[in-house]
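Please work through the exercises below with the sequence and the model open side by side, and try each task before reading its solution.

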Amino acid sequence: MARMPGAEWRPISVNYTDGGQAEVRGVVVHIMAGTFEGTDSWFRNRAAKASSHFGTSKTGRLRQWVDTADRAWAQAGGNPSWLSVENEGKGGDTLTEAQLDANARVLAWANEKYGVPLQVTHSTSGRGLGYHAMGGSAWGGHTSCPGPRIVAQLAEIVRRAKVIAGDAPAETGATIYTVRDGDTLSSIGAKVGVPWQKLATLNKITAPYTIRPGQVLKTKAAPAPMPKPPAYPGRDKFGPGKRNKYVTQLGEALVAKGYGRFYDVGPGPSWSDADRDAVRAYQRAQGWAGSDADGYPGPEMWRRLFA
Ligand SMILES: [Zn+2]
């Protein structure tokens with residue numbers, strides 16, 4: 001007996017074979033050609049002679065109708081060996097982001113529970129994430145289920161399942177986190193080192209702060225673009241008696257580069273001996289000498305300083 005944690009358990013009393021799941025080679029993706037609740041009703045109708053283990057709504061609801069020890073009636077000859085997921089939508093649709101996540105959760109769970117490999121398969125003798133059409137006539141000849149656009153999305157489902165299973169980094173630099181069962185914003189915040197309030201803001205989540213397993217959260221804001229270096233303002237902006245914003249920019253950039261020791265006060269807009277000494281030290285550190293290390297910034301120094 002197996003019911004997937006995090007899936008809404010809404011068992012049906014007809015249209016399945018009790019204890020009929022002989023093995024689990026993988027998970028088969030279907031398209032409902034109908035609505036989530038319409039499909040739910042249909043599976044409860046004895047006349048349907050159809051069912052699936054799982055179903056998703058376009059909004060990402062995940063429901064389980066048939067225990068995975070039992071055989072759902074979704075893909076004819078494939079029923080004894082494969083689990084099934086029906087997805088709300090019509091022929092030609094693509095799965096929504098939320099559906100991709102929900103399918104990934106089913107696949108990750110089947111991986112954990114039955115050792116289903118996290119890969120796409122196009123063959124009934126393979127294992128992994130398959131689709132109805134791959135079974136051909138032996139699987140009822142449903143060659144348009146779930147449709148080529150969804151078949152093209154299967155690799156993305158596998159990628160997300162790997163993230164959930166912990167087999168893959170969330171993303172370079174780990175700027176996202178995929179919610180697992182039992183997570184709360186504050187437990188995720190503790191894991192990724194970000195205050196939960198910031199997670200809520202980043203992801204536009206408001207009270208009561210509901211999150212669902214499989215949901216992908218941003219954990220960092222996109223990096224700010226590098227500020228453009230200011231243009232070299234000209235030699236005449238620097239020297240005794242000069243007072244302008246470029247003197248301040250120069251001093252602040254020198255402090256940022258590690259030349260703060262020259263400033264007892266400032267930096268500020270009025271040119272000072274501290275500015276001159278700091279500039280000279282910076283110029284010498286570039287290997288410059290003589291008039292190239294005169295304590296007044298030139299265009300090349302300016303460029304390097306703000307690079
Ligand atoms: Zn199908």
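Three exercises follow, on a sheet, on a pair of domains and on a helix.

The structure is a predicted model, in which local features need pLDDT of at least 70 and side-chain atom pairs count only at pLDDT 80 or more, while totals for chains, interfaces and linings use all residues. Residues are numbered from 1 along each chain as its sequence is written.

**Exercise 1. The sheet**

Task: determine the order of the strands in the open sheet of six strands, and explain which of them stand at the edges.

Solution. Strands (E, at least two residues) and helices (H or I, at least four residues) are DSSP runs, numbered from the N terminus, and two strands pair if DSSP finds at least two bridges between them. Read across the sheet, the order is β1-β5-β4-β7-β3-β8, and the pairing is mixed. β1 (8-9) and β8 (128-131) each have a single partner strand, so one side of each is left without a neighbour in the sheet. Elsewhere in the order, β4 (residues 54-56) and β7 (residues 82-87) run parallel and are joined by three bridges; F54, for instance, has V85 as its bridge partner in β7.

**Exercise 2. Two domains in contact**

Task: locate the domains, and describe the side of domain 1 that touches domain 2.

Solution. The bounds, which come from an automatic or database domain assignment, give domain 1 (8-165), domain 2 (176-218) and domain 3 (235-305). The centres of domain 1 and domain 2, taken over C-alpha atoms, are separated by 28 Å. Seven residues from domain 1 and seven residues from domain 2 form the contact, where two residues are in contact if their C-beta atoms, placed from the backbone, lie within 7 Å. On the side of domain 1, the elements giving two or more residues are α2 (97-114) and α4 (154-165), and α2 gives the most, with four residues.

**Exercise 3. The two faces of a helix**

Task: identify the buried residues of helix α7 (residues 245-259), and find what they pack against.

Solution. A residue is buried if 20 or more other C-beta atoms lie within 10 Å of its own, exposed if 12 or fewer, and partly exposed in between, with C-beta atoms placed from the backbone. By this count, V247, L250, G251, A253, L254 and Y259 are the buried residues of α7. They lie on the same side of α7, because they cover an arc of only 165 degrees around the axis, the arc being that of the directions from the helix axis to the C-beta atoms. The buried residues of α7 pack against α8 (273-285) and α9 (299-305), whereas the face turned away from the buried side carries the exposed residues K245 and A256.

Notes
Nonpolar A, V, L, I, M, F, W, Y, C, P; charged D, E, K, R; others polar.
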